[in-house]
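Visitor: I am new to this structure and would love a close look at just one part of it. Could you walk me through it?

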Amino acid sequence: MSHVYCPECGFQNPEAANYCARCGAYLRRDEQGETTLSLDLDDLGHEGLPSGEPRGPALVVRAGGGRAGETFEMAGLRTLIGRSPDCHVFLDDVTVSRRHAEVVHENEDYVIRDLGSLNGTFVNRHRIESSVLATDDEVQIGKYRMTFLLP
């Protein structure tokens, strides 16, 4: 199995990874030179976007639980995050509470709130009760490290 090394921290990642499992940095593959990408119309989703790209605000798993690269788009005005299968963002880990946190769309902002979890919710490595999210903020819940993205 071949590997790709992170340009930021040097961590050895599987070749199929797009982001570093340790630090979340984008794994550039510039050594092959210029690349041309062609898409069929069938490969495109709504409004001409590639079907795998998030169309709205999303959390992208960078590390944890073998789910790196998995994307969770925000579900309306309130997105629940937790270990319960009823949550919009289901994180199956004992360090995650059943109803751990929520992301709420308030006015123009997305606010993450801890819902009284035992192990806490972290934004950019600081434990929070509530925090306004900005693009590229790191959210950590249990062993899962995610990046918040705005389109």
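Visitor: How many of the six residues of strand 13 (residues 144-149) are buried?

Guide: Happy to help! Please keep in mind that this is a predicted model. In strand 13, which spans residues 144-149, five of the six residues are buried, and the strand is mostly covered.

Let's see what lies beside strand 13. Strand 12 (residues 138-141) runs antiparallel to strand 13, and four bridges join the two. Together, strand 12 and strand 13 make a hairpin with two residues between them. Gly142 sits in that turn and has a positive phi of about 60°. Next to the turn you can find a facing pair: Tyr144 in strand 13 has Ile141 opposite.

Strand 13 has another partner too. Strand 3 pairs with strand 13 over five bridges, again in the antiparallel sense. To find your way along this pairing, look for Leu59, whose bridge partner in strand 13 is Phe148.

Now come back to Tyr144, because Arg67, which is buried with a relative accessible area of 17%, is in contact with Tyr144. Arg67 belongs to the loop between strand 3 (58-63) and strand 4 (71-73). Setting aside neighbours within four places in sequence, the contacts of Arg67 also include Val61, Phe72, Phe90, Leu91 and Asp92. With Phe90 there is a further detail: a polar atom of the Arg67 side chain lies 2.9 Å from the backbone oxygen of Phe90. Why does Arg67 count as buried? Its relative accessible area of 17% is under the 20% limit for that word.

Notes: Residues are numbered from 1 along each chain as its sequence is written. This is a predicted model: local features need pLDDT of at least 70, side-chain atom pairs count only at pLDDT 80 or more; totals for chains, interfaces and linings use all residues. Side-chain values use heavy atoms; hydrogens and water are left out. Buried means under 20% relative accessible area, exposed over 50%, partly exposed in between (1.4 Å probe, protein chains only). A polar contact is a pair of N or O atoms within 3.5 Å; within protein, one must be able to donate a hydrogen and the other to accept it, and residues adjacent in sequence count only if both atoms are side-chain atoms. Contact means heavy atoms within 4.5 Å. Two strands pair if DSSP finds at least two bridges between them.
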